[in-house]
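This report looks at how one protein chain packs its residues. Please view the sequence and the structure before reading on.

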Amino acid sequence: MGATNFECNVEELYRWIDGYSFSRQKRNISRDFSDAIPLAEILKHHYPKLVELHNYTPKNSMTQKLINWQTLNRKVLSKLELTLTNDVMQELAHSVPGAIEKLLVSVKERVERVAEKQQHHHNISCIEGLSGSIIPIRQRNSTKMVDHKVIPVDSFQSMEQQLEEKSEIINGLTQKVQHLESLLDIKDERINDLTKQIQQISGNRSSSSLPIIKGGGSTFFRHCKHLKAG
């Protein structure tokens, strides 16, 4: 985890924590968070698709607490650019005073930055809640107004997710089509080879079944000569 300015009002931090609902009663912040579960519940509130609470179960042993922290670090915190070192995870699991507060300050700052960014987008689109609305928006560093279609942020994120899923499906289907095309090419080559072999065999049989004409000509021609002579 990067260096974090810990000159934070601790009371403000505790009030921020009190705004969340937890699966168990709060007693001592360092011990309560030592198995990573309360932090996972906070992050689940803000990043529901990123956090799977069933991966974290209440633990008493130090080894099991560290497993929870390592899982949360690998699956969630690293993706939020809040990666923890092994030493920090040891401190958190051992309930070292001040360790969880430092981490929570970083989490709080991260959550608030995302919230500010979302609010910024909301202010830009003005009536963003009206799905598919066409509104005039002033261009940056300009007095010109341009019509834009705006949709809710949630709808936009959902559309992005759907596009990613559909892109994966399309890629899979494309690979299948390419495989089938290669099989068809092989099949066509095999059919051509068999056709040539059949034609060659038919040609050989035709040449071997032709009548052999000897000096006197064919029977048909001899019969014609006999009729003329008569």
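Contact means that heavy atoms lie within 4.5 Å. The model is predicted, so local features need pLDDT of at least 70 and side-chain atom pairs pLDDT 80 or more, while totals for chains, interfaces and linings use all residues. Residues are numbered from 1 along each chain as its sequence is written, and side-chain values use heavy atoms, without hydrogens and water.

Leaving aside neighbours within four places in sequence, leucine 43 is in contact with Pro48, Val51, Leu72, Val76, Leu77, Leu80 and Val107.

A nonpolar core is a set of buried Ala, Val, Leu, Ile, Met, Phe, Trp, Tyr and Cys residues joined through side-chain atoms within 4.5 Å. Buried means under 20% relative accessible area, exposed over 50%, and partly exposed in between (1.4 Å probe, protein chains only). The largest such core has 35 residues, and Phe33, Leu39, Leu43, Trp69, Leu72 and Leu104 touch the most other members.

Helices are DSSP runs (H or I, at least four residues), numbered from the N terminus. Those giving two or more residues to this core are helix 1 (10-18), helix 3 (37-46), helix 4 (62-75), helix 5 (86-93) and helix 6 (99-125). Helix 6 gives the most, with seven residues.

In helix 3, seven of ten residues are buried: Ile37, Pro38, Leu39, Ala40, Glu41, Ile42 and Leu43.

Two loop residues that are not glycine have a positive phi.

| Residue | Phi | Loop | Relative accessibility |
|---|---|---|---|
| Alanine 36 | about 75° | between helix 2 (29-32) and helix 3 | 0%, buried |
| Glutamate 81 | near 60° | between helix 4 and helix 5 | 66%, exposed |
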